[in-house]
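User: Hi! I'd like to learn how to read salt bridges in a structure. Could you walk me through some?

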Amino acid sequence: MSFAQTFSFGESRDSVSRFGTTSCPARPHRPPRSLGCPLGPAGWPAGAAARTGARCPAGRVFGFHFSFPGLAHFLSHRTAPGRGVQGPHLSRVPPAFPVDPKEANSCGSRRAKRAQRDGKLQKSSALCPPPRLSRNSRPWARAPQLIHSPGAGPALHVHTRVRGGLAPAAAAPPKSRPGSRSPLPAGKPEPMALFAVFQTSFLLALLSLRAYQSEVLVEPLPLTPESLNVSIDSAHQYLNLQWSVHSLAYYQELKMLFQIQISRMKTSNVIWVGNYSTVVKRDPVLHWSWKSELPLECATHFVRMRSRVDDAKIPEPRFWSNWSSWKEADAQKSLGRDPLFLFPKDKLVEEGSNVTICYMSRNQQDNISCYLEGQQIHGEQLDSNVSAFKLNKVSFIRKTGTNIFCKVDQKDVIKGIVLFVSKVLEEPKDFSCETQDFKTLTCTWDPGTDTSLPKRSSQSYTLFESFSGKKILCEHKNSCNWQVDSDSQEMYNFTLVAENALGNRSVSVLFSLTHRVHPKTPYNLFLKNVSGTKATVTWKVHPIGNYSTLLCQLDLLGEGNVIQQHNVSIKENGEYLLSELEPDTEYMARVRCADANHFWKWSGSISQKFITAEAAPSEALDVWRNVKSVSGRPTVTLFWKPLSKLHANGKILSYNVTVENLDRLSGLEVHSVPATANGTELTLDQDSYQIHVTALNSAGPSPASVIVVSGDPGNEEVEEERVNGTEDGFSVSWKPQSGKAIGYVVEWCDHPQDLPCDLQWKNLSSNTTSTVISSGAFRPGVRYNFRIYEISTERMAYLLEKKAGYLKELDKSACCQHRIDNPEQKTFVMENLQPESVYEFLVTPYTSAGSGPLDAFTKVTTPDEYSHILIRIILPMIVCVLLIMITCYLKSQWMKEKCYPDIPDPYKSNVLSLIKSKENPHLTIMNVSDCVPDAIEVIHKPEGSKIQFLGASKSLTETEFTKPAYLYLLPAEKNYSGPGPCICFENLTYNEAAADSGSCGHFPVTPEALPGQPGPLTSPENLLKALEKNYMNSLGETAAGEASLNYVSQLASQMSGDKDSLPANPPEPVLCSEYKMQMAIPLGLASPPPAENSGLSSTTPLDQSEHYR
Amino acid sequence: FLLPAILCLLTLLLPPLSRGAPMSPAERITQAYNLALSMQENMSTLLQTYLQAQGSPFSDPGFSAPELQLSSLPPADISFKTWNALDDGERLSRVQGAFLALTQHLQLVGDDQRDLNPDNPILLAQLRDARLRAQGMLGNVAAIMTALGLPNPRAEDTLGLVPFGASAFERKCRGYIVIREYGHWTDRAVRDLALFKAKYPS
């Protein structure tokens, strides 16, 4: 027994209950073929055995009987009724059966069917529960006991199973040792009576022995699975089981059922139970595999099994053997010492399937987190150090696999696996086969998604034909060629199997070869006898078989469209006459063919272009004329419109103009006009002339267009009427006059302002009295003149009416169109425009063919008429004013003298000398001041802060410095050279005068001066006193050599502490305020650093420079 | 662009063909130094290309796993004091040993990636270039040792027993370590050769 059958079952604890033992086998009783004896014709082998006992080795027969009571059972059934053996037949005793026979039969048959369907594995179900066997029960021990007597051929055996303690005390049971060989010869039917006696007595003993048997009989069971060995196939996650069954001494083969239990982690944790049915041969080694969802490396597994004969040769009931001992499968032992393991490695699965992965850590304390493509996954803890993750419906991410990794937190351990997810193998789509020549069948299909992965080949395709039984491996992924051997096979049943590492998909198609003919593309398509309207097409096809006819489709295409379509049945050569063609036209003939009997597919098509021959133009020219008088002679200008391609029927080579004098008999005058011209000019006399105009191509002239002109211009004095343009054009109507008109012509110029004016005309039938004249050349604001002519039966044209109008009148000012002939000119000046008016203009280019598209108008408003006049007035005025101002400035002295002369000086007054000399010699004029104080800067120093008096190199502390509330500066006396420091205070009363007098005195400051002097500080004296102390304090910081400096004091009130809110009025000195003098230093001694300037920005540099004077 | 790169590498690999005056030690050092600099330039590209091709976590931004080590690769990390105290022979032989091991490991990584990423020709080409450069460095260092009259240790199989049964994830990790160490050793080679350049000016 060499095969190893593999089954895969879902792991579930439920399976324990679902997969029980098979309890009710019901097999038809058939003679055991392995007996080795020929069966009797009536199927009574016992009788036959008896009759042919001499030929059958008795020992073997009886030996078998002894070994397998089931056979005895069979014999008893057949013998008792047939041969009239009398006696109790305990097999009929209902209580003896643990299961109702009917139920057993039904279950058995059902199970047998299922066994057929599911393979050899049988499972129990709720309907067919397993028998309740005690652990120590030994089925064989309770097996039917065999009664035999020497010389008595037929043996009656009774199988019974008595529940409870009904059985009487019994003698020692006969040991029917399976496998033991009986020395008894083959029995004969004669001693039946004796046998019956023995039977009865033995039965009694047997019944009494049941209890004893169940407890005491300890016979080794020969069919218990032995040498169970379990190994692990890590690559495929298989538990491979191998065991053997011995002692099949008397059978070549025997069908057996094995029940297998698999536990995880510990033996009591049974995760799977299942049955495996197989035919066991002599000394077999059996194999079976179980696929684990959980990677086997992550948990120890335990396996045990038991067996039961499940062969029809052995009648019921059949009993399970003992369980084998548990066998352990532990893959963990072979792992290394790594702290973390992740399984399974490099697993290949199909997209959408479920995968279980697991990790196993060596250290239970480790905190492990696992990630799938960066996303953390959470699993189920199986053990203290084993966790499993079930990934449902894994998706394909990339061909190179999906990474899953786990890492131990706080430790630098990363372990990972790669899950190779393959795309789902699709069933081949659009599978079909066809032949072109009955020699090769070409099968094609759409393979769908490529399931290949790196180092794993893509799906392969195999083509199998069931009628011939042939099979080929396809070289391509989407097609396969099948050689048709002979004509004998008409029907084909192909099965295409797509297969990859994970499975296969197949698709079938059944067809008749003759219904799958796809002819080859026709060839040798030619056009013959191509005239202006007809052409013959010929082509050839590849013959298909001997009798097949092809249906060919001939298409005639003109300008890409199918114009004609014809179906032609042919064998090999095709021919068709195409008619109703247009002359001088390019066509394309296209042919494709299909099987005429069973249409399957069109062949590829073949096509050929051709051009039909030219024919004479089919229509007369549309001719019009203009008659004018040049130098007294009527000059007729003929115009005609070129023939359309449809009517020209070829290339127009020239035009023929034939002039015939209607008044006088003279020869025809023929003019040939080149094809490029659209008209010609004829100088005639006052006679009437009939003019024929024809167009000529290589095939001949067109029908003539006839026009009659007369030297008499006719009635030109027709009153002009107004016609209004609409969006569609000009709607022109007229009144018929003669009633004999054969038609009308409306004539106009597309460009009435140009020369030539591009004469246009429109032919109208005689019953028409109105028409709409439209032209792309019409422009708004242009006057168009229309002349309506009546064509008489003599082909003469008479002016009927005149019309004039605008397509659209451009207000009243629509007048101006200027033509700029110089293409380089880019500016144009419009003159004589009205002021304060809105103009619209546009510029459009033109060529000899006409003007370009009209864009939108641009609006321009002309300026006011008076604005420039105003400018002419105001500007001179401004200039005048400026001149006056400059003059005044330059002549300021003169102005001063004239406008506001100086006040006379009293000293210089003549009156003074007069008084002095005559009345009072002591009279003097009061001096304004003897001492003019220097400038005083008054600052306010807030309470608790000090403003440092700084030396030459020190700067004020900006943050504490407050802006002076007001400041008066007077220049200090430069040439003063008095001893000691001198301070010059501003005299608020006389400051101006003092400044003018330049007599600022410097008071020596004495240390005795009082600080904080209360009282008004408005006088210089008080100010001085109040400032003295601070000055002296600061003086201590100054060098002695600075004593001759001028000083400037600053004063500020408390109110002005916030420099951002300077009071508008000068501050009033506040009592108890502290004042300090600011020292001014000579320019030569030191210059303040720039920072000082910025810090004192509020005092302005001007102030400082004043200080330093 | 591969062909010029290969030709360029071959010129670096091959000893100078001119039969004229042999290259001076300084010239050899300069040549090796230039090669090391070019290897340094290509280093980050190679590592990025490699990591991107392996998927998460390798391709995650900022991936780094310094704990992953290969016992068959000598570590490039060295204390400055020890490094500074190395004599010429020891210094060069360590670089040579490292690049010998790296050459063999890069071959292994290339083989691995041909299995795992057969459809990534850029990665495979970069790995092959890296191996050729490592071989070039090996030859250059040997030439310097010869020029300086230093004993040239015999090449040996540093790879040892390769676990051919390594799983795909293990091979991805292995490749990462090799490329990372290749970078470290390139950095160290640049410093070593800069030292030699200063010591043996042309």
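Analyst: Happy to. Let's begin with a term we will need: a residue is buried under 20% relative accessible area, exposed over 50%, and partly exposed in between. Keep in mind that this is a predicted model.

User: Thanks. Which class does B:Glu90 fall into, buried, exposed or partly exposed?

Analyst: B:Glu90 has 34% relative accessibility, so this residue counts as partly exposed. B:Arg94 is in the same class, partly exposed, because its value is 32%.

User: What do the side chains of B:Arg94 and B:Glu90 do?

Analyst: The general idea first: side chains of opposite charge can pair when their charged atoms come close. Here, B:Arg94 and B:Glu90 form a salt bridge, with 2.9 Å from N to O. Both sit in helix α4 of chain B, which covers residues 88-116, and they are 4 residues apart, about one turn of the helix.

User: Where else in chain B are two residues about one helical turn apart?

Analyst: Look at helix α6, where B:Arg188 and B:Asp192 are 4 residues apart. Their side chains also meet in a salt bridge, at 3.9 Å from N to O. The cut-off for calling a salt bridge is within 4 Å, so this pair qualifies. As for burial, B:Arg188 has a relative accessible area of 7% and is buried, and B:Asp192 is buried as well, at 1%.

User: Which residue does B:Asp115 pair with?

Analyst: B:Asp115 meets B:Arg171 in a salt bridge of 3.3 Å, N to O. This pair links distant parts of the chain: B:Asp115 belongs to helix α4, B:Arg171 to helix α6 (residues 168-199), and their positions lie 56 residues apart in the numbering. B:Asp115 is partly exposed at 24%, whereas B:Arg171, at 15%, is buried.

User: Which residues are linked in a network of salt bridges?

Analyst: B:Asp115 and B:Arg171 are joined there by B:Asp112 and B:Arg174.

User: How many salt bridges does a search of the whole structure find?

Analyst: Over all chains, the search finds 26.

User: Could we try an acidic residue in chain A? Where is A:Glu582 found?

Analyst: A:Glu582 lies in the loop between β31 (573-578) and β32 (586-595) of chain A. With a relative accessible area of 37%, A:Glu582 is partly exposed. Leaving aside residues up to four places away in sequence, A:Glu582 touches A:Gly532, A:Tyr587, A:Thr612 and A:Leu646.

User: What separates the C-alpha atoms of A:Glu582 and A:Gly558?

Analyst: Those C-alpha atoms are 10.0 Å apart, and the two residues are 24 residues apart along the chain.

Methods
Residues are numbered from 1 along each chain as its sequence is written. Chains are lettered from A and ligands numbered from 1 in the order in which they are written. This is a predicted model: local features need pLDDT of at least 70, side-chain atom pairs count only at pLDDT 80 or more; totals for chains, interfaces and linings use all residues. Side-chain values use heavy atoms; hydrogens and water are left out. Buried means under 20% relative accessible area, exposed over 50%, partly exposed in between (1.4 Å probe, protein chains only). Contact means heavy atoms within 4.5 Å.
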